[in-house]
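Welcome, and thanks for taking a look at this one with me. Below are some numbered notes to read alongside the picture.

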Amino acid sequence: MRICLVLVAMYGMTIQIPDRVQAQSSTEPDTQIIPSLRMAERYDSNVFFVAGSNLEDYVTTVSPQLRVIRRSQWVKGVVSGGATGEVYAKNPDLSYVGGNGSVDLNLDGAMNRLVQGLGLHVTDSFVYTPQLVAFGPPTSGSQISEAFVPGIQAQRANSFRNTARVQGSYSLTPWMSVTSTYTDQRLRFGEPIAAPGGSAQASLIDTDFQSVASGLEAKPSPSDTVSLVHQYQRGTFGPGGTQGGFSLQGATANWARSMSPAVQGRVAGGFVAVSPNSTVQPVAAASLEWSGEYTALQVSYSRNIAPSFLGAATPVVSQVVSATVRRQITDPLSLSVSGSYAVNNSVSGGPPLHFQSYVVSPSLNYVISKTFTTTLSYTRSQFQQVSASGSFPFDRNIVQLSLVAEWK
């Protein structure tokens, strides 16, 4: 939270500089304030994320959000925040109000004014919720994922997650630059919420994960971007690292190519040495994006080492495949189908852990007007978690109707 406050303060200072300069140039900076409101009703077959019966519920969601966008020759910034409230019909004790916020500052203009070719990009985000999301949307790009283990549907527990990132760059020539990125991720848990008459799946572990990635990036042609990156990462478990930790050190090579205006591909590969397990693991990422007149496709794959926050304090080898297909049926109506599959296993020499899961979600999206959009979706997911404390397989079905209003 303190990181968020510092970044907001930085944003406040930076947006004052352009006002004085712009007053002399008669060009006013562009500022947008965009409020939005999401309301949803859903049927959830398993609100406790465990195997069993009588776990279904009907949930009402209300989520107001506010986004402020600032653009000038000095800074491009986005500050957003909001709340999410959910009311459960059959299990009112699960009702909650959570919060989220983020800051995204592109300070390339200000840095370039100080030193020609210097760039700086700062981001920070947090979320407070009793239910962590197992899968995010499919990602594009060739960067090895820095997220916590995907594909794990952790049991209900009040959780706080913060991710801060600072990326600096310097252009050596018009076609070559050096970059360095520092990322700090923190995950904190309260007491797990067990199902009625049931028991908790496994222990939830407070986790910190920091990484530093530095290297060279070059554009040998207008369509190609290549880079070579050295990366050091460290994960610690428990308050102050009381449950141990691990470190990673290695290198990756990345290549991105725009094959046509409609097709972009990215690929990355390399290795990391895991300590104290004394093993060397390959890491990789790839994505392909295609956008036609009425159809769009996105496919991605990643293999990386990440800290497990469920079951045991240990690094795991995480592999994820994701895909999304979107089809524009008519001007206001579109159909999309997305899916993700993940396999996570503990690194050799660590406590035994195995997570396997998939999620498939078709949805219909209808644009009512410039302000209102409605979505009807179905989600089918299945999770299998195996640790020293036992095996916990379960599935989940969700049907949801949502309405989003955004006032631009």
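1. Let us begin with a term: contact means heavy atoms within 4.5 Å. In this predicted model, 59% of the contacts in the protein chain with a separation of 6 or more are between residues 24 or more positions apart.

2. Now for the overall make-up. The protein chain has 408 residues, of which 41% count as buried. Its secondary structure comprises three helices and 18 strands. About 20100 Å² of the chain is exposed, and carbon and sulfur atoms supply 60% of that area.

3. A good place to start tracing strands is S10 (residues 245-260), which runs antiparallel to S11 (residues 263-275) and is joined to S11 by 13 bridges. If you would like a landmark on this pair, find Ala253, which stands opposite Gly269 in S11. The hairpin that joins S10 to S11 passes through two residues.

4. Carry on from S11 to S12 (residues 279-291): these strands also pair in the antiparallel sense, over twelve bridges. Here Gln264 has Glu289 in S12 as its bridge partner. The hairpin of S11 and S12 has three residues between the strands, and Ser278 takes a positive phi near 55 degrees there.

5. Further along the chain, S15 and S16 run antiparallel and are joined by 13 bridges. Ser336 is paired with Ser363 in S16 as its bridge partner. S16 in turn pairs with S17 in the antiparallel sense, over twelve bridges, and Ser357 stands opposite Phe383 in S17. A hairpin of four residues links S16 to S17.

6. What lies on the surface in this part of the chain? A nonpolar patch there is formed by Ile329, Leu335, Val337, Val360, Leu364, Leu376, Tyr378, Val399 and Leu401, with about 710 Å² of accessible area together. Strands S15 (333-346), S16 (354-367), S17 (372-387) and S18 (390-406) each supply at least two residues of the nonpolar patch.

7. Tyr378, one of the patch residues, is located in strand S17. Is Tyr378 buried, partly exposed or exposed? Buried means under 20% relative accessible area and exposed means over 50%, so Tyr378, at 35%, counts as partly exposed.

8. Turning to the interior, in soluble globular proteins nonpolar side chains tend to be buried together. The largest nonpolar core in this model has 28 residues, and those with the most contacts inside it are Phe189, Leu204, Leu248, Ile305, Phe309 and Leu310. Strands S7 (176-192), S10, S11, S13 (295-307) and S14 (315-328) are the elements that give two or more residues to this core. Apart from it lies another core, of nine residues, among them Val50, Tyr88, Leu94 and Tyr96.

9. Phe189 deserves a look of its own. Leaving aside neighbours within four places in sequence, Phe189 is in contact with Leu132, Ala157, Asn158, Ser159, Leu204, Ile205, Asp206 and Phe309.

10. Finally, please find Gly85 in strand S3 (residues 76-88). Why does Gly85 count as buried? Its relative accessible area is 19%, and the cut-off for buried is under 20%. Beyond its neighbours within four places in sequence, Gly85 is in contact with Thr60, Thr61, Val62, Tyr96 and Val97. Gly85 and Gly99 are 14 residues apart along the chain, with 8.7 Å separating their C-alpha atoms.

Note on methods. Residues numbered from 1 in each chain as written. Predicted model: local features only at pLDDT ≥ 70, side-chain atom pairs only at ≥ 80, totals over all residues. Heavy atoms only, no water. Buried < 20%, exposed > 50% of the residue type's maximum accessible area, 1.4 Å probe, protein only. Areas by Shrake-Rupley, 256 points an atom, 1.4 Å probe, with all protein chains shown as cover. Pairing = 2+ DSSP bridges. Patch = residues over 30% accessible without salt bridge, like charges linked within 9 Å, V, L, I, M, F, W, Y side chains within 5 Å. Salt bridge = Lys/Arg side-chain N within 4 Å of Asp/Glu carboxyl O. Core = buried A, V, L, I, M, F, W, Y, C linked by side-chain atoms within 4.5 Å.
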